[in-house]
Amino acid sequence: MRIIVVRLRPPRISKKFAIAAAITLVALLLVFPIVIPDKTDITDHYRYDKFIGSNGVELHAIQTTPDRIRLRTIDANVTETPYYGVNGGFFWEGSLLSIAVVNDRPLKGAPGDYGSGWYNTGINNHLKRGTLVWDENVNRFSVQIVTEADELVVTDKRHYWAQGGVSMSLGDKAGWRNEMIAQEMPGYDNGHMRTGLVYDSHNRLYMIVSPTRCTAEQFRSAIMEQLGDRKLVEGIFLDGDGSSQLQTEQFRLAGDKRPVYQMVAVMK
């Protein structure tokens with residue numbers, strides 16, 4: 001019996017073919033890159049705390065950094081959105097009555113449009129109100145009392161965000177109340193749920209909501225007492241009452257379940 005052994009040699013690949021194949025592979029990777037799943041969870045980008053002031057005001061705070069903030073338009077209760085954060089400025093029938101601007105563009109419509117987020121305004125007139133500004137180029141917060149976004153002072157209009165509200169004037173013990181009244185803070189002496197933004201000397205931002213029906217003074221006092229060791233610099237009141245809404249992994253506050261039209265969100 002004769003056994004025939006056949007040895008198969010792999011086909012020779014020419015140098016030109018190998019180069020062409022390599023070029024094709026690189027091109028495919030550029031068009032269809034290998035995606036490595038992002039396992040970072042949004043909870044890695046904020047800290048949640050609960051405080052109760054000596055005056056009985058309950059505070060829920062989201063601590064984060066300004067680079068993680070996104071101002072967003074919504075048409076829903078904050079707790080019904082996919083975002084973590086708090087309600088934004090004042091509104092009326094879908095129109096934004098507080099400045100809400102990113103890189104010199106209002107969130108709704110064009111610069112100068114009523115209800116776009118370009119103005120701090122009432123239903124019938126514009127108002128000078130405290131506006132929290134993050135100037136990205138110099139890594140600096142400020143609260144500027146302005147009527148419209150054109151008045152904001154930043155180093156580069158292409159790199160900032162601004163959220164309007166009413167000044168808390170944390171460093172002005174004697175005059176803060178008169179300033180708040182001059183800025184026409186709604187219902188400041190009534191018992192309402194409250195929302196605010198404050199920042200400290202390390203550029204940490206605190207988004208704070210209280211489900212306690214309290215006055216503006218009681219809310220401000222509880223914040224200064226409970227977060228005073230954080231070296232707070234300044235802050236603003238946002239819309240309150242039924243519009244006071246917060247969503248995190250740990251806690252949700254729906255206010256009176258009404259929809260709101262703008263929020264301050266934490267993003268990955």
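Questions and answers on a predicted model follow, covering a sheet and a buried strand.

Residues are numbered from 1 along each chain as its sequence is written. In this predicted model, local features need pLDDT of at least 70, side-chain atom pairs count only at pLDDT 80 or more, totals for chains, interfaces and linings use all residues, and side-chain values use heavy atoms, with hydrogens and water left out.

Trainee: Which strands stand at the edges of the open sheet of five strands?
Mentor: Strands are DSSP runs (E, at least two residues), numbered from the N terminus. Two of them pair if DSSP finds at least two bridges between them. The sheet has the order 3-18-4-16-17, with antiparallel pairing. Each edge strand has a single partner, so one side is left without a neighbour in the sheet: these are strand 3 (69–76) and strand 17 (252–253).

Trainee: What is the bridge partner of arginine 72 in strand 18?
Mentor: Strand 3 and strand 18 (residues 260–266) pair in the antiparallel sense over six bridges. In strand 18, the partner of arginine 72 is methionine 263.

Trainee: How many residues of strand 11 are buried?
Mentor: Buried means under 20% relative accessible area, with a 1.4 Å probe and protein chains only. Tyr160, Ala162 and Gly164 point one way, Trp161 and Gln163 the other, and all are buried. Strand 11 (residues 160–164) is therefore largely enclosed by the rest of the structure, and the count is five of the five.

Trainee: Which residue of strand 11 is the bridge partner of aspartate 135?
Mentor: Strand 9 (residues 129–135) runs antiparallel to strand 11, with five bridges. Strand 7 (residues 100–102) is also antiparallel to strand 11, over three bridges. There, alanine 100 bridges to glutamine 163. For aspartate 135, the partner is tyrosine 160.

Key:
Helix = DSSP H or I, 4+ residues; strand = E, 2+ residues; numbered from the N terminus. Buried < 20%, exposed > 50% of the residue type's maximum accessible area, 1.4 Å probe, protein only.
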